[in-house]
Amino acid sequence: MPAASAIKVMVVDDQTSMRAMIRRTLQDLGFRDVRDKASAIEALPAVQNDRVHLIISDYNMPDMDGLEFLKAVRADPVIGKTVFIMLTGSSEKSVVQKAAELGVNNYVVKPFAPAALKEKIERVFGELN
Amino acid sequence: MTMSGPTKRIAIIQGENAVVSEPGTVITTLLGSCIAVCLHDPIAHIGGMNHFLLGEPGRGQHVAAADMNRYGLHAMELLINAMMQKGASRLRLSAQVFGGGNIQAAFGPIGTRNAEFALRFLKTEGIAVGQTNVGGAQARKVEFRAWDGIATCALVAQAPPLRPVAQFRPPSASSDVELFA
């Protein structure tokens, strides 16, 4: 049973308010090391330079969307196996399917309740304590 | 260029949004304590409006996923994303904010809190706010000419009836999207 406090997380979302909400949710779940970036372009070098265990990324972002970000992460020999959870909108089924092809570990449909995020993380890491 | 004599009207209720890029279309809604935020990209001529019931859940508050889209935090995300999908640039967006009336004393200053949330959200996200018409104790009717970004807001005597929130439908097990059981 992994300790949430030992899992390093990078949250990527272009909306400051959404990042703050996800950070709060993760902290309430026991995560202590939560970083965030407003774009995938900023997040990619950040996780390459300082590895994390879990990336939670929005799909719908300008410049580099979540799929492009996922593809870049998976192509990196060092961080390629980092757990990646994608946040998508309700009407983006094709995005989920494409993300699965690219190796996403799970996805969460926005808007989501905190319990839904916890459930998806636990499906990858196992039950958190 | 501005348009006169709009020919198409789109009425939205709480939990919904509409984004249009065609001239001659008006998005309308009726507000009590709810908030409507109108966003506009003046270069792409894309405009959108949402209508949300509450600002954001309290920390630790348990909210069902199906109820999350009545909150402004998600309503704003959906609206901004819909605007961008139509071709709007986030950097060019400006906002107008309406509603937030404290219609029923029994509910306390819920309208005021909703308006505060909307203005705080827009400030946090760096979206400029133009016209605002919030607070007070009356209902409002908002009409937004999305193509040219012109909104009008009129006080009305009657608060809108409470209607069911438009249902958010996450992909179900039968929708072939659950790939990670």
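pLDDT is the predictor's confidence in each residue, from 0 to 100. Over residues 164–176 of chain B, pLDDT stays under 50. For that stretch the model has 22 contacts beyond four places in sequence. This is a predicted model, and confidence is where this report starts.

**Confidence**

Chain B has a mean pLDDT of 84. In that chain, 81% of the residues reach 70 or more. For the complex, the predictor gives an ipTM of 0.74 and a pTM of 0.80.

**Chain B in outline**

Chain B holds two helices and nine strands. Along the sequence, the pattern of chain B reads β-β-β-β-β-α-β-α-β-β-β. Chain B has 181 residues, and buried residues make up 46% of them. Of the contacts in chain B with a separation of 6 or more, 64% are between residues 24 or more positions apart.

The strands discussed here belong to two open sheets, one of five strands and one of four. The table lists some of the strand pairs in them.

| Strand pair (chain B) | Sense | Bridges |
|---|---|---|
| β4 and β6 | antiparallel | six |
| β6 and β7 | parallel | five |
| β3 and β8 | antiparallel | six |
| β8 and β9 | antiparallel | seven |

**The five-stranded sheet**

The order in this open sheet of chain B is β2-β5-β4-β6-β7, and the pairing is mixed. The edge strands are β2 (17–20) and β7 of chain B, each pairing on one side only. On average, neighbouring strands of this sheet are turned by 10 degrees against each other, direction ignored.

Helix α1 (residues 72–86) of chain B packs on this sheet. It touches β2, β4 and β5 (46–50) of chain B. The direction of α1 makes about 160 degrees with that of β5(B).

Strand β6 covers residues 94–99 of chain B. Five of its six residues are buried, so β6(B) is largely enclosed by the rest of the structure. One partner of β6(B) is β4(B), residues 35–41, which runs antiparallel to it. Across this pair, B:Cys38 has B:Gln96 as its bridge partner. B:Leu39 is matched in β6(B) by B:Ala95.

β6(B) also pairs with β7(B), residues 128–134, and these two run parallel. Here the bridge partner of B:Val97 is B:Thr132 in β7(B). Between the two strands, the chain crosses through helix α2 (residues 110–125) of chain B. This β-α-β crossover is right-handed.

**One residue in helix α2**

B:Ala118 lies in helix α2 of chain B. Is B:Ala118 buried or exposed? A residue counts as buried if 20 or more other C-beta atoms lie within 10 Å of its own. B:Ala118 has 27 other C-beta atoms within 10 Å, so it is buried.

Which residues is B:Ala118 in contact with, leaving aside its neighbours within four places in sequence? They are B:Ile35, B:Val37, B:Gly72 and B:Val97. B:Val97 is the residue whose bridge partner in β7(B) is B:Thr132. B:Gly100 and B:Ala118 are 18 residues apart in sequence, and their C-alpha atoms are 9.5 Å apart in space.

**The four-stranded sheet**

The second open sheet of chain B runs in the order β1-β3-β8-β9, again with mixed pairing. At its edges stand β1 (8–11) and β9 (150–156) of chain B. Each has a single partner strand, so one side of each is left without a neighbour in the sheet. From one strand to the next, the twist averages 20 degrees.

Strand β8 covers residues 139–145 of chain B. Five of the seven residues of β8(B) are buried, so this strand is largely enclosed by the rest of the structure. β8(B) pairs in the antiparallel sense with β3(B), residues 25–31. There, B:Val26 has B:Arg145 as its bridge partner. B:Arg145 also stands opposite B:Ile150 in β9(B).

β8(B) and β9(B) form a hairpin with four residues between the strands. In this hairpin, B:Gly149 takes a positive phi near 75 degrees.

**A helix pair in chain A**

Chain A offers a pair of helices, α3 (residues 66–75) and α4 (residues 93–102). How do their axes lie? They come within 10 Å and cross at roughly 5 degrees. Angles under 35 degrees count as roughly parallel. α3(A) and α4(A) are therefore roughly parallel to each other. From α3(A), the residues A:Leu67, A:Leu70, A:Lys71 and A:Arg74 meet A:Val95, A:Lys98, A:Ala99 and A:Leu102 in α4(A).

Terms used. Residues are numbered from 1 along each chain as its sequence is written. Chains are lettered from A and ligands numbered from 1 in the order in which they are written. This is a predicted model: local features need pLDDT of at least 70, side-chain atom pairs count only at pLDDT 80 or more; totals for chains, interfaces and linings use all residues. Two strands pair if DSSP finds at least two bridges between them. Axes are lines fitted to C-alpha atoms, for helices over the stretch in contact, and angles run from 0 to 180 degrees between N-to-C directions. Two residues are in contact if their C-beta atoms, placed from the backbone, lie within 7 Å. A residue is buried if 20 or more other C-beta atoms lie within 10 Å of its own, exposed if 12 or fewer, and partly exposed in between; C-beta atoms are placed from the backbone. A crossover is right-handed if, with the strands pointing away from the viewer, the path from the first strand over the helix to the second runs clockwise. Angles under 35 degrees count as roughly parallel, over 145 as roughly antiparallel, 65 to 115 as roughly perpendicular and the rest as oblique.
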